[in-house]
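Visitor: I am new to this structure and would like a close look at a single part. Please take one place where two helices pack, and then show me what lies around it.

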Amino acid sequence: MATAMQSVALFIPCLVDQLYPEIGLSMAQVLRRAGLQVTYDSRQTCCGQPAFNTGYHAEARRVAEHFIEVFRQAQVIVAPSGSCVAMVRNFFPELFAGHRREAEARALGKRVFEFSEFLVKQAGVTKLGARYPRKAVFHNSCHSLRELHVQAEPLALLREVAELQLLELPGEPVCCGFGGLFSLKFAAIANRMADSRLAQFEALGAEAVISNDPGCLMQMRQEARMKGSTLEILHLAEVLAGTVVRS
């Protein structure tokens, strides 16, 4: 378990850096509230997942080597994306198999954590003083659940949010249709999946959808705009930080 004032290095995924910086700022705010020192190395770029998933392993390895170099001294690395954490923890060993940096890549994977996973399992924190007066559902990302087995942690954090009515759908989890490049290569299918997902949430009476992966947020926000949905779609860090509290 992390000790008070432990230093935590932020890894800010590409979507957060380019589209949703408020998620990264919220994550830093929550970690500081939990008594942790937060550092950010501006040399960081991508984890290499887009190239890896499309079969460009040599190119992915070059990007991943830079990731290793940037974070080689960090004791703990936290990211607001299960997808990027899964890339480092689960797929760096495959990417660097037989490479001179294989051992370093494997060791690094043990020090990188998804945001909710770190708070609950490493820092031992669930109550962060947040308030969010809405009926909301939690949407878990496929990589977070299937690659990292993160399931109970975000729910434990949300159950401690004041005035939040957490709704649950039977048959969870279900994909929103993002799937990285899947949403680009098979846009029609991906959009139907997102539309179906949002319709389920609305039928349940939800006012908001909370997720732990920026890719899912992008997919569902885009579909919500297209269909004129009033659902508020947020990252877990934004809710815990209290940056979206309504009266």
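**Two helices and their surroundings**

Guide: The axes of helix H11 (residues 187-203) and helix H12 (residues 214-227) come within 9 Å and cross at roughly 80 degrees. An angle from 65 to 115 degrees counts as roughly perpendicular, so H11 is roughly perpendicular to H12. Please keep in mind that this is a predicted model.

From H11, the residues that meet H12 are Ala190, Asn191, Ala194, Asp195, Arg197, Leu198, Ala199, Phe201 and Glu202. From H12, the partners are Gln219, Met220, Gln222, Glu223, Ala224 and Lys227. Sorted by class, the contact of H11 with H12 holds 7 nonpolar, 3 polar and 5 charged residues.

After H11 comes a loop that leads to strand E7 (208-211), and Gly205 lies in this loop. With a relative accessibility of 34%, Gly205 counts as partly exposed. Leaving aside residues up to four places away in sequence, Gly205 touches Lys135 and Leu167. Gln219, one of the H12 residues that meet H11, is 14 residues from Gly205 along the chain, and their C-alpha atoms are separated by 20 Å.

Phe201 links this contact to the interior. The largest nonpolar core has 53 residues, and Phe201 is listed with Leu31, Phe115, Phe118, Tyr132 and Leu240 as those that touch the most other members. Take Leu240 from that list: not counting residues up to four places away in sequence, its contacts are Val30, Arg33, Phe115, Leu119, Leu128, Ala130, Leu157 and Val161. Another core, of 26 residues, lies apart from the largest one, and among its members are Ala9, Phe52, Phe71 and Ala105.

A second helix pair involves some of these residues. The axes of helix H2 (residues 21-33) and helix H7 (residues 115-122) come within 11 Å and cross at roughly 5 degrees. Angles under 35 degrees count as roughly parallel, so H2 is roughly parallel to H7. Met27, Val30 and Leu31 of H2 make the contact with Phe115, Phe118 and Leu119 of H7. By class, the contact of H2 with H7 has 6 nonpolar residues, no polar and no charged ones.

Ala105, named above as a member of the 26-residue core, belongs to helix H6 (residues 102-109), where the buried residues are Ala105, Leu108 and Gly109. Looking down the axis of H6, these buried residues fall within an arc of 100 degrees, so they line one face of the helix. Their cover includes helix H4 (57-71), strand E3 (77-79), helix H5 (82-95) and strand E4 (112-114).

Two loop residues remain. Most residues other than glycine have a negative phi. His149 is not a glycine, yet its phi is positive, at about 60 degrees. His149 sits in the loop between helix H8 (142-147) and helix H9 (152-158), and is exposed, with a relative accessible area of 60%. Glu163, also not a glycine, has a positive phi of about 65 degrees. Glu163 is found in the loop between H9 and strand E6 (165-167), and at 52% relative accessibility it counts as exposed.

Definitions and conventions:
Residues numbered from 1 in each chain as written. Predicted model: local features only at pLDDT ≥ 70, side-chain atom pairs only at ≥ 80, totals over all residues. Heavy atoms only, no water. Axes fitted to C-alpha atoms, helices over the stretch in contact; angles between N-to-C directions. Helix = DSSP H or I, 4+ residues; strand = E, 2+ residues; numbered from the N terminus. Parallel < 35°, antiparallel > 145°, perpendicular 65-115°, else oblique. Contact = heavy atoms within 4.5 Å. Nonpolar A, V, L, I, M, F, W, Y, C, P; charged D, E, K, R; others polar. Buried < 20%, exposed > 50% of the residue type's maximum accessible area, 1.4 Å probe, protein only. Arc of directions from axis to C-beta. Core = buried A, V, L, I, M, F, W, Y, C linked by side-chain atoms within 4.5 Å.
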